[in-house]
Amino acid sequence: MGKIQEKKEALVEKLRREMELHGGLMKTSQLYELSMDYRKIQQFVEEGILERVKNGYYSIGFTEISEESMVSRLFPDGVLCLETALFYHGYLETRPACWQIAIDKNTSKSRFKMNYPPIQPYYIEPDILLAGALEFPLGDGKMFIYDKERLICDCLKFEEKLEREALQKCLRCYIEEPDKDVQKLLEYARFRKVTQKVQNRIGVWL
């Protein structure tokens, strides 16, 4: 019995080290690489050693991981959009409770079946998903975020999804931007089919 316990403790210690290297979040396939099988994973979950974050993802000390780090690790192929992107561009003072992420429309919907952190996916055609996307440090990882010009056009395109005050504030902030690229904005406006909205809402101020 002693040897079995020693073997288990050695595995738990190895698991903790690997979990730390992976930022506190590991996929099932990565656990398998540690010679853990499904039954062992389930045992560790039942014993409270592992926490099941969502389908296919496990953690140790899940509550200690920041939301930013979790989002960047779970959705590195996504793009921060709408009000979430407005916050990180400094256009909103408070980050929305729900993370708004643009994602390839062909991605599995099951990736977003999770209670925490709260995610609102926006499924986008793959050929336009990364247009205007910039790499962005988030938590202890990286993600993409739309540049200001693409973001403004998307906010106008989906204005019914935004708080009215948030939309008005972001438009005012963009107008006051010293480094705004009006030519790029107009190109994105054509691309996102919101040229009329851009002209009507902020054109006179540009």
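Select E177 to begin: at 12% relative accessibility this residue counts as buried, where buried means under 20% relative accessible area, exposed over 50%, and partly exposed in between, taken with a 1.4 Å probe and protein chains only. The model in your viewer is predicted, so that local features need pLDDT of at least 70 and side-chain atom pairs count only at pLDDT 80 or more, while totals for chains, interfaces and linings use all residues. Residues are numbered from 1 along each chain as its sequence is written, and side-chain values use heavy atoms, with hydrogens and water left out.

Now add K148 to the selection, since E177 forms a salt bridge with K148, and the closest N and O atoms are 2.8 Å apart; a salt bridge here is a side-chain nitrogen of Lys or Arg within 4 Å of a carboxyl oxygen of Asp or Glu. E177 lies in the loop between α8 (164-175) and α9, whereas K148 is in helix α7, so the pair ties together parts that are 29 residues apart in sequence. Helices (H or I, at least four residues) and strands (E, at least two) are DSSP runs, numbered from the N terminus. K148, at 21% relative accessibility, counts as partly exposed. Elsewhere, E67, E68 and R95 are joined into one network by salt bridges that share partners.

Next, select K184 and D147, which form a salt bridge with their closest N and O atoms 3.6 Å apart. K184 lies in helix α9 (residues 182-191) and D147 in the loop between β8 and α7 (148-157), so this pair ties together parts that are 37 residues apart in sequence. Of these two residues, D147 is buried, with a relative accessible area of 7%, and K184 is partly exposed, with a relative accessible area of 29%.

Move on to R111 and D77, another salt bridge, in which the closest N and O atoms are 2.9 Å apart. The loop between β5 (99-104) and β6 holds R111 and the loop between α4 (67-74) and β4 holds D77, so the pair ties together parts that are 34 residues apart in sequence. R111 is buried at a relative accessible area of 18%, while D77 is partly exposed at 33%. In total, the structure holds 15 salt bridges.

From D77, continue to the strands and display the open sheet of five, whose order is β6-β5-β4-β8-β7 and whose pairing is mixed; two strands pair if DSSP finds at least two bridges between them. At its edges are β6 (119-124) and β7 (133-138), each of which pairs on one side only. Inside this sheet, strand β4 (residues 79-80) and strand β8 (residues 141-146) pair in the parallel sense over two bridges, and the bridge partner of V79 in β8 is F144. Keep F144 selected and look to β7, where E135 stands opposite F144. β7 and β8 run antiparallel and are joined by six bridges; they form a hairpin with two residues between them, and G139 in the turn has a positive phi of about 60 degrees.

Then select L80 and show what surrounds this residue. Leaving aside neighbours within four places in sequence, L80 is in contact (heavy atoms within 4.5 Å) with residues including W99, F136, L138, F144 and Y146. L80 is also among the residues with the most contacts inside the largest nonpolar core, together with F75 and I152, and that core has 50 residues. Such a core is a set of buried Ala, Val, Leu, Ile, Met, Phe, Trp, Tyr and Cys residues joined through side-chain atoms within 4.5 Å. A second, separate core has 14 residues, among them V12, M19, M36 and L50.

Now turn to the other sheet, an open one of three strands in the order β1-β3-β2 with antiparallel pairing. β1 (25-27) and β2 stand at the edges with a single partner strand each, so one side of each is left without a neighbour in the sheet. β2 and strand β3 (residues 57-59) pair in the antiparallel sense over three bridges, and K54 stands opposite Y57 in β3. Helix α4 packs on this sheet, touching β1, β2 and β3, and the direction of α4 makes about 20 degrees with that of β1; axes are lines fitted to C-alpha atoms, for helices over the stretch in contact, and angles run from 0 to 180 degrees between N-to-C directions.

Finally, colour the chain by pLDDT, the predictor's confidence in each residue, from 0 to 100. The protein chain averages 89, and 97% of the residues score at least 70. Among its elements, strand β2 (residues 51-54) has the lowest mean pLDDT (80) and β4 the highest (98).
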